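These are my notebook entries on a structure that is new to me. I set down what I looked up, entry by entry.

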Amino acid sequence: MREFAITRNVCRMLSPLPGSGAAEFEATLQREDGWTGLFRVAGDGFVTPALAGALQRKRLWRRLPEEASKYLEAIRELNAERNDTLRRELHCVIAKHNGIGVEPLLLKGAISLATDQYPGCRDRVVGDLDLLVPEEWLVECFRLLAQRPYAVHGADDPKFDENYHQAPPLLHESIPVMVELHRHFVKPHIRHLLPTQEAWDASEAV
């Protein structure tokens, strides 16, 4: 099966629409090498845990070959353990900000750690913790976090270029957690497409 067709099948299985992906699931069952390619594409896209959850919600899980179900279950459990670690650290990081009167706005994967934004969001593979803070607080928030157990990652002399939308990343010294503080979503030349203030105005407390 061609790569595009496999990717399409994965996307349809991931779709939240009821019944979507059932035909692709059946087709994969019929192929001797079907799961190998499908799991490769899902792994490359970091959606293997989400695929496991989607197949369970669509009641297709029990029809999986035993080897395939064990693989998906193991990957999903490992991701859940990592997300638990990230969630605990997210609470710590937010508490530090709250201590100086700042309420960060959760971005990207951090949202899925704190809310049930959409079905299966807790199966998301989260790379790091992205937080938006008020622009005038960025330097102070960065200095608050840039001490043990965190340290600047990949920059000996962190700079706060006014044209850059985020501070240098901070890496935890003992657990695989990285925090990125943002003052804007994107760089200046496309900021009109995703205005920062509009996000603050539309945000809700969680």
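**Entry on Leu193.** I first located Leu193, which lies in the loop between strand 5 (178-182) and helix 8. The model I am reading is a predicted one. Is Leu193 buried or exposed? I found a relative accessible area of 63% for Leu193, and this residue counts as exposed because the value is over 50%. I then looked up the patch to which Leu193 belongs: together with Ile190 and Leu194, Leu193 makes a nonpolar surface patch of about 270 Å².

**Entry on the largest pocket.** I turned next to the pockets. The largest pocket has a volume of about 570 Å³. How many residues line the largest pocket? I noted 19 lining residues, and those nearest the centre are Pro104, Leu106, Glu204, Ala205 and Val206. I also asked which elements supply the lining. At least two residues each come from helix 5 (66-99), strand 1 (105-107), helix 6 (109-114) and helix 8 (196-202). Helix 5 gives the largest share, with four residues. Sorted by class, I recorded twelve nonpolar, five polar and two charged residues in the lining of the largest pocket.

**Entry on the second largest pocket.** I looked up the second largest pocket and recorded a volume of about 220 Å³. This pocket is lined by 15 residues, with Leu14, Ala50, Tyr118, Pro119 and Gly120 closest to its centre. Which helix supplies the largest share of the lining of the second largest pocket? I found that helix 4 (residues 48-57) does, with three residues. By class, I noted ten nonpolar, two polar and three charged residues in the lining of the second largest pocket.

**Entry on salt bridges.** I then asked about charged pairs. Side chains of opposite charge can pair when their charged atoms come close. The count of salt bridges, taken with N and O within 4 Å, comes to nine. I followed three pairs, one by one.

**Pair Arg12 and Glu24.** Arg12 forms a salt bridge with Glu24, and their closest N and O atoms are 3.0 Å apart. I placed Arg12 in helix 1 (residues 3-14) and Glu24 in helix 2 (residues 22-30), so this pair, twelve residues apart, links distant parts of the chain. I checked the exposure of both partners. Arg12, at 38% relative accessibility, is partly exposed. Glu24 has a relative accessible area of 12% and is therefore buried, the cut-off being under 20%.

**Pair Arg63 and Glu26.** I recorded a salt bridge between the side chains of Arg63 and Glu26, at 2.1 Å from N to O. What does this pair tie together? Arg63 lies in the loop between helix 4 and helix 5, whereas Glu26 lies in helix 2, so the salt bridge ties together parts that are 37 residues apart in sequence. I noted 43% relative accessibility for Arg63, which counts as partly exposed. Glu26 is also partly exposed, with a relative accessible area of 28%.

**Pair Lys70 and Glu66.** I looked up Lys70 last and found a salt bridge with Glu66, the closest N and O atoms being 3.1 Å apart. Where do these two residues lie? Both Lys70 and Glu66 are in helix 5, four residues apart, which is about one turn of the helix. I recorded a relative accessible area of 52% for Lys70, which is exposed. Glu66 counts as exposed as well, at 53% relative accessibility.

Conventions
Residues are numbered from 1 along each chain as its sequence is written. This is a predicted model: local features need pLDDT of at least 70, side-chain atom pairs count only at pLDDT 80 or more; totals for chains, interfaces and linings use all residues. Side-chain values use heavy atoms; hydrogens and water are left out. On a 1 Å grid over the protein atoms alone, a cavity is a set of points where a 1.4 Å probe fits but cannot get out, and a pocket is an open set with protein on both sides within 12 Å along at least five of seven lines; lining residues have an atom within 4 Å of a point. Grid points are joined across faces, edges and corners, and a volume is the space filled by probe spheres set on the points. Ala, Val, Leu, Ile, Met, Phe, Trp, Tyr, Cys and Pro count as nonpolar, Asp, Glu, Lys and Arg as charged, and the others, Gly among them, as polar. Patches are made of residues with over 30% relative accessible area and no salt bridge: like charges are joined within 9 Å, nonpolar side chains (Val, Leu, Ile, Met, Phe, Trp, Tyr) within 5 Å. Accessible areas come from the Shrake-Rupley method with a 1.4 Å probe; for residues, only the protein chains shown count as cover. Buried means under 20% relative accessible area, exposed over 50%, partly exposed in between (1.4 Å probe, protein chains only).
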